[in-house]
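Here is a quick walk through one model, written for someone who would rather look at residues than at plots. Have a look at the sequence and the fold first, then read on.

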Amino acid sequence: MALLLSLILCGTGQMYNGEVSKGIMMMVLCFLLWFVLLGWVVHIWSIVDAVVVAERLNRQQR
């Protein structure tokens, strides 16, 4: 779910994982960097981070 949310809108996967401040920071950073054509870097970082954190959270709940 975190992966899908991050694909749709940068930072929402982090918010779904409970890291709201990190998600807001990624969303703002991605938005600002799109003006200099570097927003894709933050967007990919957001997607990868959301998946890694979601997997770690799932392992901790077991």
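Does I8 count as buried or exposed? Keep in mind that this is a predicted model. I8 sits in helix 1, which covers residues 2–8, and with a relative accessibility of 69% I8 counts as exposed, because the cut-off for that label is over 50%.

**How helices 3 and 4 pack**

Now for the helix pair. Helix 3 takes in residues 20–33 and helix 4 takes in residues 39–61; their axes are 7 Å apart and make an angle of about 160 degrees. That angle is over 145 degrees, so helix 3 and helix 4 count as roughly antiparallel to each other. Their crossing is left-handed. On the helix 3 side, the contact uses K22, M25, M26, L29, C30 and L33, while helix 4 brings in G39, V42, H43, W45, S46, D49 and V53. Sorted by character, the residues of this contact come out as 8 nonpolar, 3 polar and 2 charged.

**A closer look at D49**

D49 belongs to helix 4 and is one of the residues in the contact with helix 3. Is D49 buried or exposed? Its relative accessible area is 13%, and because that is under 20%, D49 counts as buried. What does the side chain of D49 make a polar contact with? The partner is the side chain of Q14, at 3.1 Å. If you skip residues up to four places away in sequence, D49 touches Q14, E19, K22 and M26. Of these, K22 and M26 also turn up on the helix 3 side of the helix contact.

**N17 and R62**

N17 is in the loop that links helix 2 (12–16) to helix 3. Its relative accessibility is 13%, so N17 counts as buried. Which residues is N17 in contact with, leaving aside neighbours within four places in sequence? They are A2, A50, V53, A54 and L57. V53 is also listed among the helix 4 residues that meet helix 3.

R62, by contrast, is in the segment after helix 4. With 84% relative accessibility, R62 counts as exposed.

**Some distances along the chain and through space**

Here are some residue pairs, with their separation in sequence and their C-alpha to C-alpha distance.

| Pair | Apart in sequence | C-alpha to C-alpha |
|---|---|---|
| I8 and W45 | 37 residues | 14 Å |
| D49 and C10 | 39 residues | 11 Å |
| R62 and S6 | 56 residues | 24 Å |

Some of these names will be familiar: W45 is part of the contact between helix 3 and helix 4, and D49 is the residue whose side chain pairs with that of Q14 in a polar contact.

Technical notes. Residues numbered from 1 in each chain as written. Predicted model: local features only at pLDDT ≥ 70, side-chain atom pairs only at ≥ 80, totals over all residues. Heavy atoms only, no water. Axes fitted to C-alpha atoms, helices over the stretch in contact; angles between N-to-C directions. Helix = DSSP H or I, 4+ residues; strand = E, 2+ residues; numbered from the N terminus. Parallel < 35°, antiparallel > 145°, perpendicular 65-115°, else oblique. Left-handed = near helix turned anticlockwise from the far one by under 90°. Contact = heavy atoms within 4.5 Å. Nonpolar A, V, L, I, M, F, W, Y, C, P; charged D, E, K, R; others polar. Buried < 20%, exposed > 50% of the residue type's maximum accessible area, 1.4 Å probe, protein only. Polar contact = N/O pair within 3.5 Å; in protein donor to acceptor, adjacent residues only side chain to side chain.
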